Amino acid sequence: MNIDVFTLFPAWFDWFREQRHVARALEVGHSFECIDPRASTPLKWGQVDDTPFGGGAGMVLRVDVMEAALRARYGVDPVTLRATRRVIALVPGGRLLDDALVSELAAEPSLTLLCGRYEGFDERILEHFCCDQISIGRYVLAGGELAAMVVSDAVLRKLPGVLGKDESAVEESFSPALEGGVEYPHYTRPAEWRGWAVPDVLLSGHHERIRQWRLEASRRRSLP
Ligand SMILES: C[S@@+](CC[C@H](N)C(=O)[O-])C[C@H]1O[C@@H](n2cnc3c(N)ncnc32)[C@H](O)[C@@H]1O
């Protein structure tokens, strides 16, 4: 997997890149890079945005600036790029990210994530350069950077070899192993605290009964 994030704030991702599973993804050969459209802007003084036609508050990311950034990175017209590479704009009103979409993205060889800022993107960027528009929830963040981290985090942890042996994506919320339901409850030591006891079955050492109990607990929690 090769993830490229186009952002005006690449330094935000320094922390993200150091997180354990992201660092492991890089070790096993995946890549995660940030591209700053300011570096390739054809405009003076590093300008990347402008005021909206028709008036209104805020600044809009310019289509010529995003075209220059995508061309500089990939060496092709961004209109044709999207036939060979999944180019995604992060927008509040886009397709909602869920586990099925994360699995779909994790099956791609490469992703390009475009982070908006201020008032967002010139509509022609979305229309002509992007394959999809994705939202991480029905609320508005100040920029696409946190959304890009959410998408990348969820995608990278689905890739083989990225999670450590003490972590697993096989049996967790929304996985086929739990019939797409939410995960069962977990407990650890102490077995009793202030009279709050751990269910006996989990202390029984009886693997089949534990498996059954967990599946039933997951089913109960997943009821609409
Ligand atoms: C302040 S928002 C722009 C909001 C836009 N004017 C609107 O009303 O839909 C700036 C940028 O943050 C990102 N963003 C904000 N909320 C998001 C969300 N829920 N999911 C994905 N991206 C989001 C997008 O890239 C967006 O262009």
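This passage describes strand pairing, ligand contacts and selected residues in a predicted model.

Strand β5 spans residues 86-96, and strand β6 spans residues 110-115. The two strands run parallel and are joined by five bridges. Within this pairing, R86 of β5 has L111 of β6 as its bridge partner. Helix α5 covers residues 99-106. Together, β5, α5 and β6 form a β-α-β unit, and this unit is right-handed. Strand β5 also pairs with strand β8, which comprises residues 132-135. Here too the strands run parallel, and five bridges join them. One residue pair in this arrangement is R95 with I134, the latter lying in β8. Parallel and antiparallel strands alike pair in a sheet through backbone hydrogen bonds.

A separate description applies to β3, β4 and β7. These three strands make an open sheet in the order β3-β4-β7, and the pairing is mixed. Its edges are β3 (49-50) and β7 (120-121), each of which pairs on one side only. Strand β4 consists of residues 60-61. Two bridges connect β4 with β7 in the parallel sense. V60 stands opposite G120, a residue of β7.

The ligand is surrounded by 20 residues. The closest of them are L90, G116, G137, Y139 and L141. Backbone atoms supply several polar contacts. For G116, a polar backbone atom lies 2.8 Å from a ligand oxygen. For I136, the partner is a nitrogen atom of the ligand, at 3.1 Å from a backbone N or O atom. For G144, a backbone N or O atom is 3.4 Å from an oxygen atom of the ligand. The ligand taken alone exposes 580 Å², of which the protein buries 81%.

Two helical residues were examined for their contacts. R24 sits in helix α2, which spans residues 20-27. A polar atom of the R24 side chain lies 2.8 Å from the backbone oxygen of V162. Beyond its neighbours within four places in sequence, R24 contacts G161, V162, L163, G164 and E167. S152 belongs to helix α7, residues 145-156. S152 has 0% relative accessibility and therefore counts as buried. With neighbours within four places in sequence again set aside, the contacts of S152 are I3, F16, F32 and L113. One of these, L113, falls within the residue range 110-115 of β6.

Backbone geometry was then considered in the loops. Y118 is located in the loop between β6 and β7. Its phi is near 55 degrees, a positive value in a residue other than glycine. Y118 has a relative accessible area of 43%, so this residue is classed as partly exposed. E179 lies in the loop between α7 and β9. The phi of E179 is likewise positive, near 55 degrees, and E179 is not a glycine. The loop between α7 and β9 (192-193) also holds P190. The peptide bond joining R189 and P190 is cis, with omega at about 0 degrees.

Conventions
Residues numbered from 1 in each chain as written. Predicted model: local features only at pLDDT ≥ 70, side-chain atom pairs only at ≥ 80, totals over all residues. Heavy atoms only, no water. Helix = DSSP H or I, 4+ residues; strand = E, 2+ residues; numbered from the N terminus. Buried < 20%, exposed > 50% of the residue type's maximum accessible area, 1.4 Å probe, protein only. Contact = heavy atoms within 4.5 Å. Pairing = 2+ DSSP bridges. Right-handed = clockwise from strand over helix to strand, strands pointing away. Near = heavy atom within 4 Å. Polar contact = N/O pair within 3.5 Å; in protein donor to acceptor, adjacent residues only side chain to side chain. Areas by Shrake-Rupley, 256 points an atom, 1.4 Å probe, with all protein chains shown as cover.
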